[in-house]
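Me: I would like to learn how to read a protein structure with some care, one feature after another. Could you show me the structure and then take me through it?

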Amino acid sequence: MMSKSKIEWTDKVWNPVTGCSKISPGCDNCYAERMSKRFAETWGLSADNYFDVKFHPDRLLDPIKWRKPSKIFVCSMADLFHDKVLFKQIADVFKIMADCPQHTFLLLTKRPDSMKDFFDYVKPVGRDWPLPNVWLGVTAENQEQADKRIPILLQIPAAVRFVSVEPMLGPVDLQYYFDDYAMNELIHRSVTLDWVICGGESGPKARPMHPEWARSLRDQCQSAGVPYFFKQWGEWRPLEGTGACHPTPVKFWFDEWGKWTDGISGMGQHVVRIGKKAAGSLLDGQEWKQFPGEAV
C-alpha cells in the first residue's frame, strides 16, 4: 500500500488499520471499500473479507522512516476509532505520532463518541494532551451529522479541530460552531472549529453537490476567519463554463428543497457529469486551498 497520496490536503497516508463498516449516508459509496476490493490481492487483504477491520502492527513504524516533515492522513482506508479497534492499538498509533514531532498527523472519524471514549481512557496515563502535531477531525456530510459529531469533537483535546464536509450531500451551516459564546454555552469553554474541508463526491455512483452549498460554506468560513479548503467538485459541476451542451445528461436542482431529479429544462441549477479531473476545484473562478495557521 503506497504512502504517497493524491489527496490534496495531505502529503502521505498511513494505514496501521484498514477496513470499516457503514454508519451514515456519506458511507454509501465508500472509496476505501471500493479500493480495498480492487486491490485486495496486491495489498494482502482477504478476497472475501477485504474490508474487515484489521490492525497492521508491521506498519506502525512507517512514519519514523519518513525523514521529510509531512502532513500524514492517518487511516485513509479505515476509521481508527471503529469499535473493532482496541484502545491499546489506538494508543500504539498515538505513541508513534508522539515520537514523530517532525510530522503533522491528521485523523478523521465518523465516530467521535468513540474518539472521546479513547481520550477519557488515556487521560490517567499522564501524557500531556493535546499532542501539538495531531489534528483531529470529523466527517459531516450533511447538517444532521454535523450537529451529531461536531459538539463531541469540540470536547476532545486537540491542537487543531477540523470538519470534512465531503461528500457534501446537503447544505451545512457551521456558524454556530464558529461562535465562541455559543461554545461557552455548550461546553463551558471557548472552543471552535479551526478548519473546514469541503468536497463533492467522486466515483461511479457519485451524487452531485449543489454549488450554493459549497459557496455558503465558503462564505461562512470567510466571515468567521476560518480557513476553507475546497477539495473538489467531484464527478459533477455546474453546467455553465464546462463547454457541455444539451443533450449532455444533467441533473436539475430544485432550489427550494435542495433536491434533484433527472431533467434538462426548468428553473434552477443545472450540473453536468464530466468526471473528477475535468470538474476540478475552481469555485467562482478561483481555488480555495487554505490551511490552519495561514492568513485567511
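Reply: Let us begin with a term that we shall need often: a residue is called buried if its relative accessible area is under 20%, exposed if it is over 50%, and partly exposed in between, using a 1.4 Å probe and protein chains only. This is a predicted model, in which local features need pLDDT of at least 70 and side-chain atom pairs count only at pLDDT 80 or more, while totals for chains, interfaces and linings use all residues. Residues are numbered from 1 along each chain as its sequence is written, and side-chain values use heavy atoms, with hydrogens and water left out.

Me: What percentage of the residues in the protein is buried?

Reply: Of the 296 residues in the protein, 53% are buried. One of the buried residues is Cys75, with a relative accessible area of 2%, whereas Asp284 is partly exposed at 43% and Asn49 is partly exposed at 42%.

Me: How many helices and strands does the protein have?

Reply: Helices (H or I, at least four residues) and strands (E, at least two) are DSSP runs, numbered from the N terminus. By that rule the protein has eight helices and 13 strands.

Me: How should I read a single helix, and which residues of α3 are buried?

Reply: One begins with length, where the expected span is 1.5 Å times one less than the number of residues. Helix α3, residues 87-98, has 12 residues and reaches 16 Å from its first C-alpha to its last, close to the 16 Å expected. Its buried residues are Gln89, Ile90, Val93, Phe94, Ile96 and Met97. Seen down the axis of α3, these buried residues fall within an arc of 155 degrees (the arc of the directions from the helix axis to the C-beta atoms), so they line one face of the helix.

Me: What is a nonpolar core, and which element gives the most to the largest one?

Reply: A nonpolar core is a set of buried Ala, Val, Leu, Ile, Met, Phe, Trp, Tyr and Cys residues joined through side-chain atoms within 4.5 Å. The largest core here has 58 residues, and those with the most contacts inside it are Trp14, Leu80, Phe94, Leu107, Leu174, Val196 and Tyr228. Helix α3 gives the most to this core, with five residues. A second, separate core has 13 residues, including Val13, Phe73, Phe162 and Phe229.

Me: Which residues does Val196 touch?

Reply: A contact means heavy atoms within 4.5 Å. Leaving aside residues up to four places away in sequence, Val196 touches a set of residues, among them Val163, Leu174, Phe178, Leu217 and Tyr228. With the same exclusion, Ser164 touches Leu108, Val138, Thr139, Ala140 and Ile197; Ser164 is found in strand β7, residues 160-165, and counts as buried at 3% relative accessibility. For the protein, residues 24 or more positions apart account for 76% of the contacts with a separation of 6 or more.

Me: How do strands pair, and how many bridges join β8 to β9?

Reply: Two strands pair if DSSP finds at least two bridges between them. Strand β8, residues 195-199, is joined by four bridges to β9, and the two run parallel. Within this pair, Gly199 has Gln232 of β9 as its bridge partner. Strand β9, residues 228-232, is mostly covered, since five of its five residues are buried.

Me: How many disulfides are there?

Reply: A disulfide is a pair of cysteine sulfur atoms within 2.5 Å, and by this rule the count comes to zero. For Cys75, the nearest cysteine sulfur is that of Cys20, 9.7 Å away. For Cys198, the nearest cysteine sulfur is that of Cys221, at 8.7 Å, and Cys198 itself is buried, with a relative accessible area of 0%.

Me: Where in the backbone should I look at the angles with particular care?

Reply: Consider the peptide bond from Glu166 to Pro167, which is cis, with omega near -5 degrees; Pro167 lies in the loop between β7 and α6 (180-187). Consider also Cys75, which has a positive phi of about 65 degrees although it is not a glycine, and which lies in the loop between β4 (71-74) and α3. Asp284, also not a glycine, has a positive phi of about 55 degrees, and its place is in the segment after α8 (276-279).
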